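Biologist: Please bring up the protein we planned to discuss. I have some questions about its fold.

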Amino acid sequence: MTAVAAGSGAAADLEAGKRKAEVCAACHGRDGNATIPGTPSLAGQPVFFTHWQLIKFKDGRRKDPQMTPFVQSLSDADMADLSAYYQTQTPRRRPAATDPAKVVEGQRLADVHHCTSCHRPGLTGQEQAARLAGQDFDYLLRLLRGFKAKTASDLDGTMTTATQPLTDTEIVSLVHFIASLGAAP
């Protein structure tokens, strides 16, 4: 599967990805910028990250009542096309009511825990590390709490390990910070 993900960007067909993404638009937005609370935006996600998420849904490592059935019918080419298409879309920050004090504390925590070493400065993502900047507040909170509780999985366990020392109050502060990043809607 590594070879599939590694080659997904080079062999992908962006126009085919755009057509295939039409069914995704109901939840993730026409251009990958979701508007439904709790739903992640896919615009600007690194191609490897999105491709791996689709693989994990298909093989059962990730489960979601809406995503799992949809992904079962996707071929490797479909996943590559979708991943490449979403990477080319411009991400917009999701609207969120953030607390300035929690944003400052979240930034401090992101620095202390070296979030930028994988997710890059600005938390824009790279390779298999997700673009976090400006994602949906509820989605980020659910995901970080899931990593902490070991009910969400990542490719190699890095996020599960990274969240273990965090308190719930710290997770909330991190989410306030992350949700404040990125271009305004």
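Modeller: Here are short answers on the fold, a helix pair and the cores.
This is a predicted model, where local features need pLDDT of at least 70, side-chain atom pairs count only at pLDDT 80 or more, and totals for chains, interfaces and linings use all residues. Residues are numbered from 1 along each chain as its sequence is written, and side-chain values use heavy atoms, without hydrogens and water.

Biologist: How many helices does the protein have?

Modeller: Helices (H or I, at least four residues) and strands (E, at least two) are DSSP runs, numbered from the N terminus. The protein has zero strands. The helix count is 11.

Biologist: Are helix 7 and helix 11 roughly parallel or roughly perpendicular to each other?

Modeller: Axes are lines fitted to C-alpha atoms, for helices over the stretch in contact, and angles run from 0 to 180 degrees between N-to-C directions. Here the axes come within 7 Å and cross at roughly 100°. Angles under 35 degrees count as roughly parallel, over 145 as roughly antiparallel, 65 to 115 as roughly perpendicular and the rest as oblique. Helix 7 and helix 11 are therefore roughly perpendicular.

Biologist: Which helix gives the largest share of the largest nonpolar core?

Modeller: A nonpolar core is a set of buried (under 20% relative accessible area, 1.4 Å probe, protein chains only) Ala, Val, Leu, Ile, Met, Phe, Trp, Tyr and Cys residues joined through side-chain atoms within 4.5 Å. The largest one has 25 residues. Helix 7, helix 9 and helix 11 each supply at least two. The largest share, seven residues, comes from helix 11.

Terms used: Buried means under 20% relative accessible area, exposed over 50%, partly exposed in between (1.4 Å probe, protein chains only).
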